[in-house]
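I opened a new page for this protein. My plan was to look up its cysteines, its sheet and its core, and to write down what I found.

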Amino acid sequence: MENSTHYEVFRLAAYGDIGQLKYFYFAVVTVIYFVIILANALVIGVICIERSLHEPMYLFLCALFVNQLYGSTGLFPALMFYLLSDTHDISLLYCYLQIYVLYTYAITEFCNLAVISYDRYISICYPLQYNNIMTPKIICGLILLPWVYSFFINAIIISLSLRLQFCGNVLDRVYCDNYSVVKLACSNTMLNNIWGFVVTVLSFSCTIFPTIYSYVRILQICLKSSKETKQKAFNTCTPHITSLLNFSFGCLFVILQGRYDTAHLPAILRTILLVYFLICPPLFNPLIYFNISPL
């Protein structure tokens, strides 16, 4: 183990010295955060108040929007604070808390999108059995399971990171992420790497693969169905596919920046790509799903 130092803070170096532009960036971020809160809260309120929307699909969408508010709150207040602050130091405690919130948001988002794809699969492929399959107990389980899974998985991630000793405290980010924190460690990170691999494989197995299977089966059914059924399936599945791709690309941007040197890119572009998965899905999903209707 290399010489380590007991650090009490991490420094978020991505903010840099932006001078008077910080007020412009602060105004932009504040407006975006306000729009995200307003749009998602409005859709959640409509779903809760309108009894005709108390159907499985809309309840799953409500869970998606709640998670988006949760994830946005993990980024925006801190982002707004550090944009105006002269120092960009973040305590270890708050750093780990932010990691926990952002990671639970990301995993829960993927899980919620997988649940929505499963709902579409049952609705299109087994329309007559839909109400028998989607019982209140199953619906509650599909809403709660993503949260329980992501909270448990990330609690282990944080506990493994808490034991690390660090050789540096500078993160080239505007927020804390576990991969960047682990890279600063002097102590053995083998357990962190193994668990990270396990989480990645498990999460993909439980979300991406079932989603792909659901849409392959939906496509098979649509090829045998009438033009009207194909149109209805297209109308109800397109918003979900759009939001899934939007969020997936955002996560891919973060992963690629962590694994490859992107110093040749403009700083503002690197920052936008880093926060894309936290800004664009919560901002655009209420619009994407606004006109969706059940089959």
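**Cysteines without a partner**

I began with Cys-62. Its closest cysteine sulfur is that of Cys-48, at 4.4 Å, which is too far for a bond. I work from a predicted model here, and my cut-off for a disulfide is a sulfur pair within 2.5 Å. I then asked whether Cys-62 is buried or exposed. Cys-62 has a relative accessible area of 12%, so I put it down as buried.

Next came Cys-237, which is in no disulfide either. The nearest cysteine sulfur belongs to Cys-222 and is 6.8 Å away. Cys-237 is buried because its relative accessible area is 6%; the limit for buried is under 20%.

**Cysteines with a partner**

How many disulfides does the structure hold? I found two. Counting bonded cysteines along the chain, I noted the pattern 1-3, 2-4. As a reminder to myself: a disulfide is a covalent bond between the sulfur atoms of two cysteines.

I took the pair Cys-95 and Cys-176 to begin with. Their sulfur atoms are 2.1 Å apart. The angle about the S-S bond is -120 degrees, and the link is left-handed. Which parts does this pair tie together? Cys-95 lies in helix H3, while Cys-176 sits in the loop between S3 and helix H6 (178-183), so the disulfide joins parts that are 81 residues apart in sequence. Cys-95 counts as buried because its relative accessibility is 0%. Cys-176 also has 0% relative accessibility, so I list this cysteine as buried.

Then I looked at Cys-167 and Cys-186. They form a disulfide with sulfur atoms 1.2 Å apart in the model. Cys-167 is in the loop between helix H5 (136-162) and S3, and Cys-186 is in the loop between H6 and helix H7 (190-206), so this pair ties together parts that are 19 residues apart in sequence. I checked the accessibility of both ends. Cys-167 has 30%, so it counts as partly exposed. Cys-186 has 12%, so it counts as buried.

**The sheet**

I turned to the strands. There is an open sheet of three strands in the order S2-S1-S3, with mixed pairing. Which strands are the edges? Strand S2 (89-91) and strand S3 (170-171) are, and each pairs on one side only.

I went through the pairings. Strand S1 (residues 9-12) and S3 pair in the parallel sense over two bridges. Leu-12 has Leu-171 as its bridge partner in S3. Arg-11 has Val-170 as its partner in that strand. S1 and S2 run in the antiparallel sense, with three bridges. Val-9 stands opposite Ser-91 of S2.

I also read the side chains along S1, and they alternate. Phe-10 and Leu-12 point to one face and are buried. Val-9 and Arg-11 point to the other face and are not buried.

**The core**

Which residues touch the most other members of the largest nonpolar core? I noted Phe-10, Leu-75, Tyr-175 and Phe-277, in a core of 72 residues. Helix H3 (residues 92-125) supplies the largest share, 15 residues.

I followed Tyr-175 further. Leaving out residues up to four places away in sequence, Tyr-175 touches nine residues by name: Leu-12, Leu-75, Gln-98, Leu-102, Val-254, Leu-274, Val-275, Phe-277 and Leu-278. Apart from the largest core lies another one, of six residues. Its members include Ile-107, Cys-111, Tyr-149 and Val-199.

**The annotated spans**

Last, I pulled the record. An unreviewed UniProt entry places "transmembrane region" features at residues 23-46, 58-84, 96-118, 138-162, 194-216, 237-256 and 268-290. I compared two of these spans with the model. Residues 58-84 are 100% helix and 0% strand, and their end C-alpha atoms lie 39 Å apart. Residues 268-290 are 91% helix and 0% strand, with end C-alpha atoms 31 Å apart.

How values were computed:
Residues numbered from 1 in each chain as written. Predicted model: local features only at pLDDT ≥ 70, side-chain atom pairs only at ≥ 80, totals over all residues. Heavy atoms only, no water. Core = buried A, V, L, I, M, F, W, Y, C linked by side-chain atoms within 4.5 Å. Buried < 20%, exposed > 50% of the residue type's maximum accessible area, 1.4 Å probe, protein only. Helix = DSSP H or I, 4+ residues; strand = E, 2+ residues; numbered from the N terminus. Contact = heavy atoms within 4.5 Å. UniProt positions renumbered as here; feature names shortened; annotations may be inferred. Pairing = 2+ DSSP bridges.
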